[in-house]
Amino acid sequence: MNLWQTYFRTQQPVPSFPILRVICSERVFGSQYEHHGRFRQGERQAVFKYTLQGEGRFRDASGEHRVPAGSGFLVEIRDPATSYYYPKDGTEPWTFVWIAFMGEHCMQQVRDIVARYGAVFSIPEQGPIMRRFLEFRRDDGRHVTVTAAQGAEMSPACS
């Protein structure tokens with residue numbers, strides 16, 4: 001279930017900066033929620049998904065990772081080795097916020113970050129980047145115009 005969703009328009013995109021697409025918060029409950037990179041080959045974007053409540057799972061070439069509240073993952077969504085899903089043994093809804101961005105230079109940065117640090121990160125919900133993401137609740141359903149620099153500032157791969 002979509003809780004809120006804000007779309008972005010980037011004024012005068014810069015090729016080396018990420019282009020923000022959307023930020024959204026969702027709540028899911030049940031094993032039908034599952035995304036696989038191998039089925040998303042046509043999509044040229046990256047996603048950072050952060051758990052607010054409950055827990056999700058993320059799988060990559062290194063195995064399965066729990067994604068409890070206070071953690072998130074960064075992924076190029078067309079990576080065929082990845083998937084993310086609601087856990088089969090889940091007992092409460094998984095509530096998360098995600099941001100999608102694109103741009104070939106930024107995709108390379110995502111690949112570099114994941115290769116160096118892994119895809120799953122612990123980040124405080126009250127930290128500056130998460131507070132900034134959650135502020136977009138106020139723009140639910142709207143298109144927000146940002147500059148290329150603002151987009152780079154908000155991209156987890158580039159900030």
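# Close-up views, strand by strand

**View 1. Strand E7 is covered on both faces.**
On one side of E7, Ser71, Phe73 and Val75 are buried, and on the other side Gly72, Leu74 and Glu76 are buried too. Here, buried means under 20% relative accessible area, exposed means over 50%, and partly exposed lies in between, using a 1.4 Å probe and protein chains only. In a regular strand, side chains alternate between the two faces of the sheet. Six of the six residues of E7 are buried, so the strand is largely enclosed by the rest of the structure. Helices (H or I, at least four residues) and strands (E, at least two) are DSSP runs numbered from the N terminus.

A word before you look further: this is a predicted model, in which local features need pLDDT of at least 70 and side-chain atom pairs count only at pLDDT 80 or more, while totals for chains, interfaces and linings use all residues. Residues are numbered from 1 along each chain as its sequence is written, and side-chain values use heavy atoms, with hydrogens and water left out.

**View 2. E7 has partners in E4 and E10.**
Two strands pair if DSSP finds at least two bridges between them. Strand E4 (residues 46–53) and strand E7 (residues 71–76) are joined in the antiparallel sense by five bridges. Follow them residue by residue: Val47 stands opposite Val75, Lys49 has Phe73 as its bridge partner, and Tyr50 has Gly72. E7 also pairs with E10 in the antiparallel sense, over three bridges. Phe73 appears here again, with Val120 in E10 as its bridge partner.

**View 3. E4 also pairs with E9.**
Seven bridges connect E4 and E9, again in the antiparallel sense. Lys49 turns up once more, standing opposite Trp98 in E9. How many of the eight residues of E4 are buried? Seven are, and E4 is mostly covered.

**View 4. Seven strands make an open sheet.**
Step back and you can trace the order E10-E7-E4-E9-E2-E1-E11, with mixed pairing. Strand E10 (120–122) and strand E11 (143–147) stand at the edges, each pairing on one side only. Neighbouring strands of the sheet are turned by 20 degrees against each other on average, direction ignored. Helix H1 (residues 104–117) packs on this sheet and touches E4, E7, E9 and E10, where contact means heavy atoms within 4.5 Å. The direction of H1 makes about 125 degrees with that of E7. For such angles, axes are lines fitted to C-alpha atoms, for helices over the stretch in contact, and the angles run from 0 to 180 degrees between N-to-C directions.

**View 5. Helix H2 lies across four strands.**
H2 (residues 128–135) crosses strand E1 (2–11), E2, E4 and E9, and runs at about 90 degrees to E4. Which residues of H2 are buried? Met130, Phe133 and Leu134 are. These residues cover an arc of only 95 degrees around the axis, which puts them on the same side of H2; the arc is that of the directions from the helix axis to the C-beta atoms. An α-helix has 3.6 residues a turn, so residues three or four places apart point the same way. The buried residues of H2 pack against E1, E2, E4, E9 and helix H3 (148–154).

**View 6. A four-strand sheet runs in the order E3-E8-E5-E6.**
This sheet is open, and its pairing is antiparallel. E3 and strand E6 (63–68) are the edge strands, each with a single partner strand, so one side of each is left without a neighbour in the sheet. The twist averages 15 degrees from one strand to the next. Three bridges join E3 to E8, and Glu34 stands opposite Tyr85 in E8.

**View 7. Aromatic rings meet in pairs.**
The structure holds nine aromatic pairs. Rings of Phe, Tyr and Trp (its six-membered ring) pair if their centres lie within 6.5 Å; planes under 30 degrees apart count as stacked, over 60 as edge-to-face and the rest as tilted. Phe29 and Tyr86 are edge-to-face, with 5.6 Å centre to centre and 70 degrees between the planes. Phe29 lies in the loop between strand E2 (19–28) and strand E3 (34–36), and Tyr86 in the loop between strand E8 (83–85) and strand E9 (94–102), so the pair ties together parts that are 57 residues apart in sequence. The rings of Trp94 and Phe96 have centres 4.5 Å apart and planes at 55 degrees, so this pair is tilted. Trp94 is buried at 0% relative accessible area, and Phe96 is buried at 0% as well. Ring pairs link Tyr33, Trp94 and Phe96 into a cluster.
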